[in-house]
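Please open the model in a viewer and keep the sequence panel visible. The tour below proceeds by selection, with a short account of what is found at each stop.

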Amino acid sequence: MFAQFRTTGNRTNYEDSCFARRCQFACLVMAEVMECKGTFLPDICRGLHYFIEKEPWWGLPAHYPKAKPDSTIQPVDLFNAESHNHNDVGSFVLCRNGEPVVIDLGRDTYTSQTFGPQRYEMTNNRSLYHNVPVVNGYEQKDGRQYEGINVDHTYTDSASIMLVDIAKAYPKEAGVKSWVRRLTLDRHFNRVEITEHIIMKDNQGSNSTDITLMCYGSPRSVQKGRVGGCRWQIKNYLFFLNSEGATPYSSLKHFEK
């Protein structure tokens with residue numbers, strides 16, 4: 001079942017089985033914690049043996065690299081229904097020489113809101129503060145149906161390339177039919193390139209998009225927004241934004257968490 005995602009794109013069969021096993025294991029542990037008589041210890045030990053022996057990869061099939069994982073640029077998530085979920089389908093983090101450049105905020109201090117109905121009003125959980133688009137004013141939604149599809153990863157000596165269509169992570173009101181994000185680590189030119197190929201629904205009318213980049217450091221604009229691109233700099237790293245058929249603008253904001 002684990003290999004089905006790579007061959008057919010089906011991720012549900014393995015994930016349903018995987019989550020069910022972990023739920024059963026958690027129930028055994030909690031039962032032993034409550035009773036403290038050793039009744040459930042044999043089953044707990046068998047469960048641990050299974051996880052160690054039979055599951056050498058403890059992630060999900062959609063997160064498993066085809067080849068050697070790359071330590072420079074990493075996708076964060078591919079659907080919005082995991083335990084401790086953040087709405088961040090297609091988001092990524094970027095480091096250079098061990099230094100963070102494009103970041104993920106991580107978790108906040110846990111409160112009652114963290115696991116309540118207002119969870120996705122919290123800054124670090126909502127997609128507005130992840131490295132993903134806001135499409136026509138709509139952020140990504142939480143739920144198993146909000147996911148990335150058609151995921152592909154290619155690794156060579158000269159480049160590492162990942163593609164994912166993140167359109168299904170947004171509500172239908174956003175009006176996005178397809179949004180293919182391509183992340184490329186180009187070792188030949190020593191750069192990272194993010195390409196967005198967007199198809200909006202025909203009846204959507206005018207469209208507007210904001211693409212967030214949460215960066216580590218204070219940004220400095222080196223070229224004002226105009227046709228042809230925008231440039232800004234953080235530390236020693238230069239960012240360049242270009243857009244075909246539209247006028248790109250950049251807005252730099254200082255954010256403290």
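## First stop: the four-stranded sheet

Select strand 7 and strand 8, which run antiparallel and are joined by five bridges. The model on display is a predicted one. These two strands form a hairpin, with three residues between them. For one rung of this ladder, display isoleucine 149, whose bridge partner in strand 8 is aspartate 165.

Next, select asparagine 150, which is also located in strand 7. Its phi is near 50°, a positive value in a residue other than glycine. Most residues other than glycine have a negative phi. With a relative accessible area of 62%, asparagine 150 is exposed.

Extend the selection to strand 9 and strand 10. The four strands make an open sheet in the order 7-8-9-10, with antiparallel pairing. Why is one side of strand 7 and of strand 10 left without a neighbour in the sheet? Strand 7 (149-155) and strand 10 (191-200) stand at the edges and each has a single partner strand, so one side of each remains free of a neighbour in the sheet. From one strand to the next, the twist averages 10°.

Now isolate strand 9 (residues 176-186) with strand 10: ten bridges join this antiparallel pair. Threonine 184 may serve as a marker here, as its bridge partner in strand 10 is glutamate 193. In the loop between strand 9 and strand 10, select asparagine 190. Asparagine 190 is a residue other than glycine with a positive phi, near 55°.

## Second stop: the nonpolar cores

Select Val135, Ile166, Tyr170, Ala174, Val176 and Trp179 and show their side chains. These residues have the most contacts inside the largest nonpolar core, which has 14 residues. Strand 8 (159-165) and strand 9 are the elements that give two or more residues to this core. In soluble globular proteins, nonpolar side chains tend to be buried together.

Centre the view on valine 176. Which residues does valine 176 contact, leaving aside its neighbours within four places in sequence? They are Val135, Ala167, Tyr170, Ile199, Met200 and Lys201.

Another core, of nine residues, lies apart from the largest one; select Val101, Val102, Ile234 and Phe239, which are among its members.

## Third stop: the helices

Select helix 2 (residues 12-35) and place a distance label between its end C-alpha atoms. The label should read 34 Å, which agrees with the 34 Å expected for 24 residues at 1.5 Å a residue. The buried residues of this helix are Tyr14, Glu15, Cys18, Phe25 and Glu32. Cysteine 36 follows helix 2 and has a positive phi, near 55°.

Move on to leucine 41, which lies in helix 3 (residues 41-54). Is leucine 41 buried or partly exposed? Its relative accessibility is 41%, so leucine 41 counts as partly exposed. Add alanine 31 to the selection: the two residues are ten apart along the chain, and their C-alpha atoms are separated by 9.8 Å.

## Fourth stop: a hairpin and a loop

Select strand 3 (residues 92-96) together with strand 4, which pair in the antiparallel sense over three bridges. Arginine 96 has glutamate 99, in strand 4, as its bridge partner. The two strands form a hairpin with two residues between them, and asparagine 97 in the turn has a positive phi of about 55°.

From there, go to threonine 114, in the loop between strand 4 (99-102) and strand 5 (133-135). Its relative accessibility is 4%, so threonine 114 counts as buried. What does the side chain of threonine 114 reach at 2.9 Å? It reaches the backbone nitrogen of threonine 111. Leaving aside neighbours within four places in sequence, threonine 114 is also in contact with Thr109, Arg119 and Met122.

## Last stop: the whole chain

Clear the selection and display the full chain. Its secondary structure comes to three helices and 14 strands. The chain has 257 residues, of which 34% count as buried. Of the contacts between residues at least 6 apart in sequence, 51% join residues at least 24 apart.

Technical notes. Residues are numbered from 1 along each chain as its sequence is written. This is a predicted model: local features need pLDDT of at least 70, side-chain atom pairs count only at pLDDT 80 or more; totals for chains, interfaces and linings use all residues. Side-chain values use heavy atoms; hydrogens and water are left out. Two strands pair if DSSP finds at least two bridges between them. Axes are lines fitted to C-alpha atoms, for helices over the stretch in contact, and angles run from 0 to 180 degrees between N-to-C directions. A nonpolar core is a set of buried Ala, Val, Leu, Ile, Met, Phe, Trp, Tyr and Cys residues joined through side-chain atoms within 4.5 Å. Buried means under 20% relative accessible area, exposed over 50%, partly exposed in between (1.4 Å probe, protein chains only). Contact means heavy atoms within 4.5 Å. The expected span of a helix is 1.5 Å times one less than its number of residues. A polar contact is a pair of N or O atoms within 3.5 Å; within protein, one must be able to donate a hydrogen and the other to accept it, and residues adjacent in sequence count only if both atoms are side-chain atoms.
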